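Q: I've got a protein model open and I'd like to learn how to read it. Can we go through it feature by feature?

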Amino acid sequence: MNKNISKPKYFILKLASRCNLKCTYCYWFRDKSVYEKPKKIKDEIVDFFLDKLQKHINKYKLTDITISFHGGEPMLYGKKKTIQLCEKIKNIKVNNLTLAMQTNGTFIDQEWCDIINKYGIGVGISVDGILHDKNRIFLNGRGSLSETINGINLMKKNNINFGVLSVYDDEIKDAQKFVDFFKKLNLHEFDILIPDVNHDYENIPQISNFYNDLFNIYLKDKDLKIRFFDQVVKSFYHNNSMEVNILGDVNHGLFKHMVTINTDGSIEPEDSIRTSGYKACETTKNVRTHNLDTLLNDDKIQNMYQSAQLPKECEPCIWKKVCAGGDFTHRYSSKTQDYSKKTPYCNQLKNIFNHMATTLIN
Ligand code: SF4
């Protein structure tokens, strides 16, 4: 039994393990073991989870928790089942319970908007901007932009607040065009994620020129909020890395505050770790038989947790408090079978931090 306790407050609940899209960069399907899981979460798994959740809240006297519906595509779970689930969740006794959903937005219709509004579900929608139709494609290869925009427009009509998440593609050369795409949709707040790679990848996307240009636009445009820059600027001033993994994770947020519950009830860490390969997240724990604070009692997860230290090669770096070696999942190497190296984006991140800091000073 290890002494480091995981006291998760953020629960990623996988309602469906399949998707109606096959986005080219999707981390979920990079681990083929997800196809071995039930397509949708079963009622008994929901019941085990909610029972363990209430016990977990009571045990640690938690006051704020978040349950985030994920997939695959969580709306494949269906409207009726989602309503039943939300009704069951209403019975959980805790001061603040936040419900969230990360969706590709292609299924959103009036009925979904009614469900979202009725249960106060915070929506995160994935939109990639000008290259959306290149990467976010249906199973037949067709781009999904028009369906996603329909979903966005319906949510706006229903006064639903939603966050926008995009993934950078290094074919996007023009940061202004990228921003203009979102502004035309009247979206002034979004995030742009660095593509998931690790040391096994031969081609590392070129991010620094684009991010530097984007930062210049972000600084001048007071209406624009881009989470990546908000968080890096915040960490410049507070001189530490964020709690959870936009960059480094030496605070162990990934392992202590967050767990994933799969459609088969298995308890796993935050699942972008799947980019490390087949069954990379698999543990010996399941909500049928284990409590929700159990993750660090799994040997594999304990080894990952130990890996989430500042890499030795980052010790002399002036950005180590901001970056902490980079995104945990990007640090994986199949040669060493661990996360001990710094991110392959290191030089590019240094370039971005230098640019941001000198621009802010000037
Ligand atoms: S910029 Fe590079 S050397 Fe510095 S902390 Fe990040 S990964 Fe390590």
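Q: Where is lysine 279 found?
A: This is a predicted model, so keep that in mind throughout. Lysine 279 sits in the loop between β9 and α10. Its phi is positive, about 60°, although lysine 279 is not a glycine.

Q: Is lysine 279 buried, exposed or partly exposed?
A: The idea is to count neighbours: 20 or more other C-beta atoms within 10 Å makes a residue buried, 12 or fewer makes it exposed, and anything in between is partly exposed. Lysine 279 has 15 C-beta neighbours inside 10 Å, so it counts as partly exposed.

Q: Which other lysine has a positive phi although it is not a glycine?
A: Try lysine 61, with a positive phi of about 50°. You'll find lysine 61 in the loop between α1 (43–60) and β2. Because lysine 61 has 7 C-beta neighbours inside 10 Å, it counts as exposed. Asparagine 186 also takes a positive phi, of about 60°, just after α6.

Q: What joins glycine 71 and glycine 72?
A: A cis peptide bond, with omega at about 25°. To find the spot, look for glycine 72 in the loop between β2 (64–70) and α2 (79–89).

Q: Okay, on to sheets. How do I read one?
A: Start with the general idea: strands of a sheet pair through backbone hydrogen bonds, either parallel or antiparallel. Here, 9 strands form an open sheet with mixed pairing. Walking across the sheet, the order is β7-β6-β5-β4-β3-β2-β1-β8-β9. The edge strands are β7 (225–226) and β9, and each of them pairs on one side only.

Q: How does β8 pair with β1 and with β9?
A: With β1 (residues 10–14), β8 runs parallel, and 4 bridges join the two. With β9 (residues 267–268), β8 pairs in the antiparallel sense over 2 bridges. Threonine 260 is a handy landmark: it stands opposite isoleucine 12 of β1, and it also stands opposite glutamate 268 in β9. The hairpin of β8 and β9 has 5 residues between the strands, and glycine 265 in that hairpin takes a positive phi near 90°.

Q: Which residues of β8 are buried on each side?
A: Met258 and Thr260 are buried on one side, and Val259 and Ile261 are buried on the other. Both faces of β8 (residues 258–261) are covered, then.

Q: How many bridges join β5 and β6?
A: There are 3, and β5 (residues 162–167) and β6 (residues 189–193) run parallel. Look for serine 166 on your screen: its bridge partner in β6 is isoleucine 192.

Q: Now helices. How do I tell which side faces in?
A: An α-helix has 3.6 residues a turn, so residues three or four places apart point the same way. Take α6 (residues 175–184), where Phe178, Val179 and Phe182 are the buried residues. They cover an arc of only 95° around the axis, which puts them on the same side of α6. Gln176, Lys177, Lys183 and Lys184 are exposed on the other side of α6. Among the elements covering the buried residues of α6 are β6 and α7.

Q: What are the buried residues of α10?
A: In α10 (residues 299–307), they are Ile301, Met304 and Tyr305. Seen down the axis of α10, these buried residues fall within an arc of 100°, so they line one face of the helix. They pack against α9 (253–256). Turned away from that buried side, the other face of α10 carries the exposed residues Asp299 and Asn303.

Q: How do I describe two helices that pack together?
A: Look at the angle and the distance between their axes. For α7 (residues 208–220) and α12 (residues 346–361), the angle is about 25° and the axes are 9 Å apart. Angles under 35 degrees count as roughly parallel, and α7 and α12 are therefore roughly parallel to each other. Their crossing is right-handed. The contact includes Tyr211, Phe215 and Leu219 of α7, together with Ile352, His355 and Met356 of α12.

Q: How far apart are alanine 357 and phenylalanine 236 in sequence and in space?
A: They are 121 residues apart in sequence and 8.2 Å apart in space, C-alpha to C-alpha. Alanine 357 is found in α12. With 16 other C-beta atoms within 10 Å, alanine 357 is partly exposed.

Terms used. Residues are numbered from 1 along each chain as its sequence is written. This is a predicted model: local features need pLDDT of at least 70, side-chain atom pairs count only at pLDDT 80 or more; totals for chains, interfaces and linings use all residues. Two strands pair if DSSP finds at least two bridges between them. The arc is that of the directions from the helix axis to the C-beta atoms. Two residues are in contact if their C-beta atoms, placed from the backbone, lie within 7 Å. Axes are lines fitted to C-alpha atoms, for helices over the stretch in contact, and angles run from 0 to 180 degrees between N-to-C directions. Angles under 35 degrees count as roughly parallel, over 145 as roughly antiparallel, 65 to 115 as roughly perpendicular and the rest as oblique. A crossing is left-handed if the near helix is turned anticlockwise from the far one by less than a right angle, and right-handed if clockwise.
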